[in-house]
Amino acid sequence: MKKLMIAMLVGGMCAGISAEAQESAAKANWSEKITLKGDVRARFESIDEDNKDTRNRGRVRARLGAYAKVNDEVDAAIALASGDSDPVSTNQSLGDGFSSKDIRLDLAYIDYHPEVLPGSLILGKMRMPFATVNDLIWDSDLNPEGAALTLKLPVGDGLALLANGGAFYIVERSSDSESMLYGAQLAVEMKSEDFKILGGATFYYYDNIEGYATFVDNKSGAGNSVMKDADGITSYVNGYEILEFFAQLGFDVGMPVVLAGNYVVNNEADDDDKGFMVGVQLGRLKDPGSFTFGYSYRKLEKDAVVGAFADSDAWGGGTDGKSHKLNIGYQIAKNLAGSITYFISEKGIDSDVDYNRLQVDLSARF
């Protein structure tokens, strides 16, 4: 009997050790496959618009993502971010009676990149898959939803051809046709030790947009030309077939310098259909004590792009405006940076309403 009890005890101990070993191996495997990344930003913002009281507010942004290597050919990601249903802002304003702030699903995608494909097939809610040089067309917080194919084809020493395409759901309707966005892009990238050049063209086509309710807010066109019914519902007057040409040049003169610009035209609008943006950035935030300085100018006519998805800061967001943007950034410590951004804008190209915006940020990354 004693021998049996001893054998059972030893067996139990061995089983426990085995289970602990398996659990430890599973934890090690989990940590090798999944990377957690996030950031928190605290902001003071002041908005001075003609015929309105100056608005001062505190804002926060929080983002956390899990990025997994499923196998050698598949990656996946899930990320959460502060904010509400607005697709172009993850900020939350402070001062609502200490209320809890909303957290939403910001990313959820599968990235399939087999060895035979010089790129990726991406499905789900993803980061913008097209090469961009600024936020003239797309706000930096916008994450489209659908399918994208991104290809990078080497064609020589330091030379590559980029070919990107995608189909994205904007509004799915049970009893009517869905509104879709289709995009195709071709670009050339040249790299050397001394410089980097990127240049190309993109075509964006919105299907089922003309005559349909405006996206995101059906009582605001976000600067676009709209018609309004008896209930105040706004609908798009124009279709949107947007052609973009873009270029970016990077080089070093003792500090990194990046020059960038783009031009857009909407082939479906008869007028107020163009926009452009040019800018320069000096420096790069990296080691403590490093800094950046940036300047850009943009002008975006009413129907050049879809206003609901354009930058949300210059002249309050959307289209129909022009703006100077100045930015200074400073790396305070490892993973901690501060910045000051100032917009000098006119809200409405023809109405000339002055709109100035100051943003003072402190950002921590982990």
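**Exercise 1. Work out whether Ser-235 is buried or exposed, then find where it sits and what it touches.**

Ser-235 has a relative accessibility of 14%. Buried means under 20%, so Ser-235 counts as buried. Keep in mind that we're working with a predicted model here.

Next, the location: Ser-235 belongs to strand β12, which covers residues 234-236.

Finally, the company it keeps. Skip the neighbours within four places in sequence, and Ser-235 is in contact with Gly-211, Tyr-212, Ala-213 and Thr-214, along with Ser-225, Val-226 and Met-227.

**Exercise 2. Get a feel for the chain as a whole: what is it built from, and what share of it is buried?**

Start with the elements: there are 19 strands and one helix.

Then the dimensions. Along the principal axes, the C-alpha atoms fill a box of roughly 95 × 55 × 50 Å.

Now burial: the chain has 366 residues, and 38% of them count as buried.

One last step looks at contacts with a separation of 6 or more. Of these, 53% are between residues 24 or more positions apart.

**Exercise 3. Place Ser-85 and Lys-302, and classify each by accessibility.**

Take Ser-85 to begin with. You'll find it in the loop between β3 (74-82) and β4 (92-93). Its relative accessible area is 58%, so Ser-85 is exposed. Measuring C-alpha to C-alpha, Ser-85 is 34 Å from Gly-283, and the two are 198 residues apart in sequence.

Now Lys-302, which lies in the loop between β16 (291-300) and β17 (321-333). With 25% relative accessibility, Lys-302 counts as partly exposed. From Lys-302 to Gly-318 is 16 residues in sequence and 8.6 Å in space, again C-alpha to C-alpha. Beyond its neighbours within four places in sequence, Lys-302 has contacts that include Asp-272, Thr-319 and Asp-320.

**Exercise 4. Decide how the rings of Tyr-182 and Tyr-205 are arranged, and say which parts of the chain they tie together.**

The structure holds 10 aromatic pairs. For Tyr-182 and Tyr-205, the ring centres are 6.4 Å apart and the planes meet at 20°. Planes under 30 degrees apart count as stacked, so this pair is stacked.

Where do the two residues come from? Tyr-182 is in strand β9 (residues 179-191), while Tyr-205 is in strand β10 (residues 195-207). The pair therefore ties together parts that are 23 residues apart in sequence.

Check accessibility too: Tyr-182 is partly exposed at 33%, and Tyr-205 is partly exposed at 29%.

Other rings join up as well. Ring pairs link a cluster whose members include Phe-130, Trp-138, Tyr-236 and Phe-309. A ring can also have a charge over it: Lys-37 lies over the face of Tyr-67, 4.9 Å from the ring centre.

**Exercise 5. Describe the second largest pocket: its volume, its lining and the strands that contribute.**

Volume comes first, at about 780 Å³.

Then count the lining: 38 residues, with Ser-312, Trp-315, Gly-316, Gly-317 and Gly-318 lying nearest the centre of the pocket. The elements that give two or more residues to this lining are β1 (34-49), β2 (55-71) and β19 (353-365). Which of them gives the largest share? That's β2, with three residues.

To finish, sort the lining by type: 14 residues are charged, 14 are polar and 10 are nonpolar.

Technical notes:
Residues are numbered from 1 along each chain as its sequence is written. This is a predicted model: local features need pLDDT of at least 70, side-chain atom pairs count only at pLDDT 80 or more; totals for chains, interfaces and linings use all residues. Side-chain values use heavy atoms; hydrogens and water are left out. On a 1 Å grid over the protein atoms alone, a cavity is a set of points where a 1.4 Å probe fits but cannot get out, and a pocket is an open set with protein on both sides within 12 Å along at least five of seven lines; lining residues have an atom within 4 Å of a point. Grid points are joined across faces, edges and corners, and a volume is the space filled by probe spheres set on the points. Helices (H or I, at least four residues) and strands (E, at least two) are DSSP runs, numbered from the N terminus. Ala, Val, Leu, Ile, Met, Phe, Trp, Tyr, Cys and Pro count as nonpolar, Asp, Glu, Lys and Arg as charged, and the others, Gly among them, as polar. Buried means under 20% relative accessible area, exposed over 50%, partly exposed in between (1.4 Å probe, protein chains only). Rings of Phe, Tyr and Trp (its six-membered ring) pair if their centres lie within 6.5 Å; planes under 30 degrees apart count as stacked, over 60 as edge-to-face and the rest as tilted. A charge sits over a ring if NZ of Lys or CZ of Arg is within 6 Å of the ring centre and within 35 degrees of the ring normal. Contact means heavy atoms within 4.5 Å.
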